[in-house]
Amino acid sequence: QSMMDSDPPGPVYLTLPREALAGTVDENAVHSFPESRYGAVAAGGCDAATARELAERLMSAEHPIAITSYLGRKPEAPGVLDALARECGIAVFESHSFHVNISRESPCFAGFEPGHGLQEADVGLLLDVDVPWLPQFVKENPRTFWIQVDVDAIKKDFPMWGFPAELRMQGDCATVLGQVLEIVRARGDPSFRARVAARMKRLDAAREKREQAVAAAGARPGERGAISPDYLCAALAKVIGPDDIVINEAIRNSLSVMNQIHRTRPQTLLGNGGSGLGFSGGMALGVKLARPNRRVVQIVGDGSFHFSTPDSVYSVAREYRLPIFTVVLDNGGWGAVKASTLRVYPKGVAAQADHFNARLGGERRFEQVAQAFGAFGESVDEPGALDGAIERCIAAVDGGQSAVLAVKVTPI
C-alpha cells in the first residue's frame, strides 16, 4: 500500500515462484510488519531560492506557456495550476493527456496542441509531462527558457529523453506551483497586473476561436456507416455529468473525446500513456469498484475493444454488480497501425497500395459480445439514431446493468 501511495505512484506488481506459493509456512516464522509501519514517500516542494527564480521568470515573461499531462493525478493540483495561470496569464496546454490537469472552463486552458504556443513562448513550464510535443512534427523556439517540474524529472525508466529545460526540479507540482503562486501574489504590482490583463484578453480571443472550431466539428454528423467521432462525442457530452468518470481509449480518436466531452473536475478523465492497448475495460471496472456511486463511461476503439477481453470484462461486471457504459468507436480497424506506418514510410509500398494489414474484415457485432454476458447492447450506424441509443444505454447502466454501444464511425 505504501508503494502505491508514494510518488511516483504505482502500479505495484507482486510475484512469487510457484514453489513458494505452494509451500507450507509456519505463521510464527513469518517476519512481517503492519501496514502502518510502511510509510509512503511523498514528493515535496523546492527550496526558496528556486521558487523565487521561477516566480521571477514568470513575472517577466511576455508569452508564458505550460504543458502538462499527468499533473491532475492529484486532485488538488489542477486548482493550483489554474490559480497560478490566471495570476500570470499562462496559456496551459495538455499533451497526450490522461487526466484533467486544468478545468476546460478555465480562461487559461489553451487546448491539446502545444505546438500552437511554442513559437511565441519566451518562458515555458513542463509540468508532469513525458512527451510535451513530437519533435518530428513540432519544433520548439530555441529562445524559450524552459522550466521542468516533475515527479520524475530525470525520467529514470526512459532509455532516452531529450527535451530542453534550463531549470529542472523534481517534486510535487501542486506544492511547487503553490510556493510560486504565493510569491507572485505578494510581488505583483500594477504594471505586472496590467500586462497580465492584456495577455488574458489574447487568451480569451484564442479560446473563443478554438471553441468555435470544436463546436463546428461536433455539429457535423457524418453519414450512414461513417458517423463523425466528434458528433458522437458531442452527443455523449449532453448526457455525461460533471462527476461522471470517462475512461479514454479512443486512440486515434482521442482528440474528439477530449475536445467534445469537457471535463471540469479533477479525476473525471483517465487514460493511459504508451503501450497497454486494451487497458480500458479493466480500468473501467476498477474505477467503478473504487467509486460505486459514479457513472463510468469507457470510450474505446474497436481494435482495443478486442484486446480488452470483453467477455471477461462483462462477466466480471455482472458477477460483481459493476455496471459500466462502453462506447465502441468502430472505424473498421487499427487506425494507430496505419498512422504509424505512414509516419515511418510516408511514400512506402503500404501507402501506395493503401493496404496496412490494419483493417478488420467481416461482420462485427460487438454489442452481442456484451449481451452474451448479461449486458445491454445496441449498435448504431445512422447519426439520427444516436441520441435514442445513448439514452437507452444510460438508462440500463443507471438501472444496474452494463451497456455497450457500438457505433460505426468514420473508417480508417
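Two strands count as paired if DSSP finds at least two bridges between them. With that in hand, here is a tour of this predicted model in five close-ups.

**View 1. Isoleucine 65 faces glycine 124 across a pair of parallel strands.** Here isoleucine 65 stands opposite glycine 124, a residue of β3. The two strands in this view, β1 and β3 (residues 123-127), run parallel and are joined by five bridges. Step back a little and they become part of an open sheet of five strands, ordered β2-β1-β3-β4-β5, with parallel pairing. At its edges are β2 (91-94) and β5 (167-170), each of which pairs on one side only. From one strand to the next, the twist averages 15°.

**View 2. Serine 69 sits in a loop after β1.** Look for serine 69 in the loop between β1 (64-68) and α3 (77-88). Serine 69 has a relative accessible area of 4%, and because buried means under 20%, this residue counts as buried. Its side chain reaches the backbone oxygen of serine 95 at 3.3 Å. Leaving aside residues up to four places away in sequence, serine 69 touches Ser95, His96, Ser97, Phe98, His99, Asn101, Leu127, Asp128 and Val129.

**View 3. Helix α2 keeps its buried residues on the same side.** This helix covers residues 48-60, 13 residues in total, and reaches 18 Å from its first C-alpha to its last, close to the 18 Å expected at 1.5 Å a residue. Its buried residues are Thr50, Ala51, Leu54, Ala55, Leu58 and Met59. They lie on the same side of α2 because they cover an arc of only 165° around the axis. Do look at the start of the helix too: there, a side-chain oxygen of aspartate 47 comes to within 3.2 Å of the backbone nitrogen of alanine 49.

**View 4. Glycine 377 and valine 404 meet at the β12-β13 pair.** In this close-up, glycine 377 stands opposite valine 404 of β13. Strands β12 and β13 (residues 403-408) run parallel, with five bridges joining them. They belong to an open sheet of six strands in the order β9-β8-β10-β11-β13-β12, where the pairing is parallel. The edge strands of this sheet, β9 (269-270) and β12 (376-380), each pair on one side only.

**View 5. Helix α7 lies across three strands of the six-stranded sheet.** The helix is made up of residues 229-237 and lies across β10 (296-301), β11 (325-330) and β13. Compare its direction with that of β11: helix α7 runs at about 165° to this strand.

Terms used: Residues are numbered from 1 along each chain as its sequence is written. This is a predicted model: local features need pLDDT of at least 70, side-chain atom pairs count only at pLDDT 80 or more; totals for chains, interfaces and linings use all residues. Side-chain values use heavy atoms; hydrogens and water are left out. Helices (H or I, at least four residues) and strands (E, at least two) are DSSP runs, numbered from the N terminus. Contact means heavy atoms within 4.5 Å. Axes are lines fitted to C-alpha atoms, for helices over the stretch in contact, and angles run from 0 to 180 degrees between N-to-C directions. Buried means under 20% relative accessible area, exposed over 50%, partly exposed in between (1.4 Å probe, protein chains only). A polar contact is a pair of N or O atoms within 3.5 Å; within protein, one must be able to donate a hydrogen and the other to accept it, and residues adjacent in sequence count only if both atoms are side-chain atoms. The expected span of a helix is 1.5 Å times one less than its number of residues. The arc is that of the directions from the helix axis to the C-beta atoms.
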